[in-house]
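Here's a quick briefing to read with the model open beside you. Grab your viewer and follow along.

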Amino acid sequence: MRSRTGPAVLIVAFGVMLGFVAFLVVGPRESTGDTTATPSTLTENPDDTTPPGSEGPGTTDDSPPATTTTTLSDLVREPNTIPGWTIGRPWGETVGLTMFRGNPTRTYYGTGPIGDNPTRQWTYPDAPMCSQSTNLGQTTTWCGMGWTGQPAVYEREDGVTELIFGAYDRAIHFVHAETGQDIRPRFVTGDIIKGSVTVDPDGYPLLYSGSRDNKLRIIALDRSEPTELWSLDAYAVDGIWNDDWDANPLIIDDMMYEGGENGWFFAYELNRGYDANGNVTVDPEIKFSMRSWNQSQLDRLADSNVSVENSAVAFEDRVYFANSGGRIIGLDVSDIRNGNAPIVLDYWAGGDVDASLIVDEDGFVYASIEYEPSQMGPTEQARQDEVGQLIKLDPNNPDNPRVWGLDLRVQGSDSGLWATPALHEGYLYTNTHQGSLIVVDTQTGDIVWSDNSIGWHSWSSPSVVGQTLVSATCTGELRGYDLADPADPQRIWSVDVGNAKACVEATPAIWNGTIYIGSRDGYMRAFR
Ligand SMILES: [Ca+2]
Ligand SMILES: [Ca+2]
Ligand SMILES: [Ca+2]
Ligand SMILES: [Ca+2]
């Protein structure tokens, strides 16, 4: 572990340098859909010493080198690794916001420019998206979209920008981002869809989605209608607690990483390709799976809720995820294709970790933790009192990884974090369950700014695009804050999402300055 420090430091220094080089060559990160800013261009590298065709099954780009600019050569990415320079940047060849929080470190939020006075452009569909769902014996009506609920944005090769999202009416919807009209038939599953879908980041016309109907699916987008190619049932393994799939599938170089509410974590090699007729194909092959829990964890919990609802993250050659019993796990996936993924980080936070972890340029991992007194036993309570609800972990110090922890408890009440923080200029921006938008210094763990008026139960994850912080609130608004000083956001606008001030739990997608947000009042809306 310690021997990793040297290379890690080099990569960091390198990353800072490259950020500047990339700025010169491809312009600011904040593009308006300029495709030259995508990593597919950045990874086209004439100086790459890897011979063509020897880069493993994950390499799919066979187009000729697009540029001979030597400065770009530094931005090469070895297959199966996620270097520090990818933080805050789009991922893959597909142009868009292809997965929850945009990239494998979950630190990319979309493109601007965001205007000073966004107004509603369209509302989808004509009637609210609702259905009934039974969970752990209780049946209730669910409408619209909630946690996590971030739509995917897919800039198709035909020039159409498509918005794709699963909703509480059990369907995946395919909507023209400009007009808010359906552009493909809906794909209907057997229960509500709570998470966020993934559009294949490597250019294959494939969609990955979980559902509460116990299936994780891969769906082809090159047929006359969306067509299921593969599914995994939660009962394929001997699980624990529940059977939904809320986590957003993480796709890296033909590998798919996904955790389930059955408490398991899976790594599949997808074997993506095309058949003789040119139709996209997959042939997923299980490479690794594990129970996210062990007996020592169960012994500390008041119940057996060790479901994995958070979306995996990846940095360098590691994948991190957590379960609802507060166990945060890091795997070394450098030899994942041979089925090897040793645990390199194993930390117990004591509370439910549903929000996705994020990773910064230095490889530090940040975890959002729910403080739920009614669901915790004395051991969990004691651990949560000690650890905090927003924590920074150093995976290179596995015996004592906690760098700092922020106390976000409200005694006796649910509090802490369901939202995934946005990372920007050394600060974290997040909504808290108790109703504050806070700015946290990543170095010190201090809250340097807060707005305590965003409403109880704020679960939406804020975004930073350009110099604008966007947060959806439980007072039913989208709010914009100027970040001229990243430690002192200035509120510049707010707009009601729906007509009834309904709490917004879902996370927005922001693309070309348009903000797409689902709400539990039943609708998806666009603001520009
Ligand atoms: Ca289920
Ligand atoms: Ca769930
Ligand atoms: Ca949970
Ligand atoms: Ca929980």
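In this predicted model, strand 30 and strand 31 make a hairpin with 5 residues between them. Gly435 sits in that turn with a positive phi of about 105°. From there, the notes below work outward to the next hairpin, a helix, a tryptophan and the whole chain.

**Strand 31 and its two neighbours**

- Strand 30 covers residues 427–431, and its pairing with strand 31 is antiparallel, over 5 bridges.
- If you want a residue pair to click on, Leu428 stands opposite Val440 of strand 31.
- On to the other partner: strand 32 (residues 447–451) also runs antiparallel to strand 31, and 4 bridges join the two.
- Here Val439 has Trp449 of strand 32 as its bridge partner.
- Strand 31 and strand 32 form a hairpin too, with 5 residues between the strands, and Gly445 in this hairpin takes a positive phi near 75°.
- Is strand 31 enclosed or open? It spans residues 437–441, and 4 of its 5 residues are buried, so the rest of the structure largely encloses it.

**Helix 4, side by side**

- Helix 4 runs over residues 378–387, and its buried residues are Glu380, Gln384 and Val387.
- Those residues span an arc of only 75° around the axis, which puts them on the same side of helix 4.
- Look at the face turned away from that buried side and you'll find the exposed residues Pro378, Asp385 and Glu386.
- What do the buried residues of helix 4 pack against? The list is helix 3 (295–300), strand 25 (370–371), strand 26 (390–393) and strand 27 (402–406).
- Right after helix 4 comes Gly388, with a positive phi near 100°.

**Trp142 and its surroundings**

- Trp142 belongs to strand 4, which covers residues 138–143.
- Is Trp142 buried or exposed? With 23 other C-beta atoms within 10 Å, Trp142 is buried, because the cut-off for that label is 20 or more.
- Leaving out residues up to four places away in sequence, Trp142 touches Cys130, Ser131, Ser133, Tyr168 and Ile192.
- Arg170 is 28 residues from Trp142 in sequence, while their C-alpha atoms are 9.7 Å apart in space.

**The whole chain**

- The protein has 4 helices and 39 strands.
- Its 528 residues include 53% that count as buried.
- Take the contacts between residues at least 6 apart in sequence: 56% of them join residues at least 24 apart.

Notes: Residues numbered from 1 in each chain as written. Chains lettered and ligands numbered in written order. Predicted model: local features only at pLDDT ≥ 70, side-chain atom pairs only at ≥ 80, totals over all residues. Buried ≥ 20, exposed ≤ 12 C-beta atoms within 10 Å, placed from the backbone. Pairing = 2+ DSSP bridges. Arc of directions from axis to C-beta. Contact = placed C-beta atoms within 7 Å.
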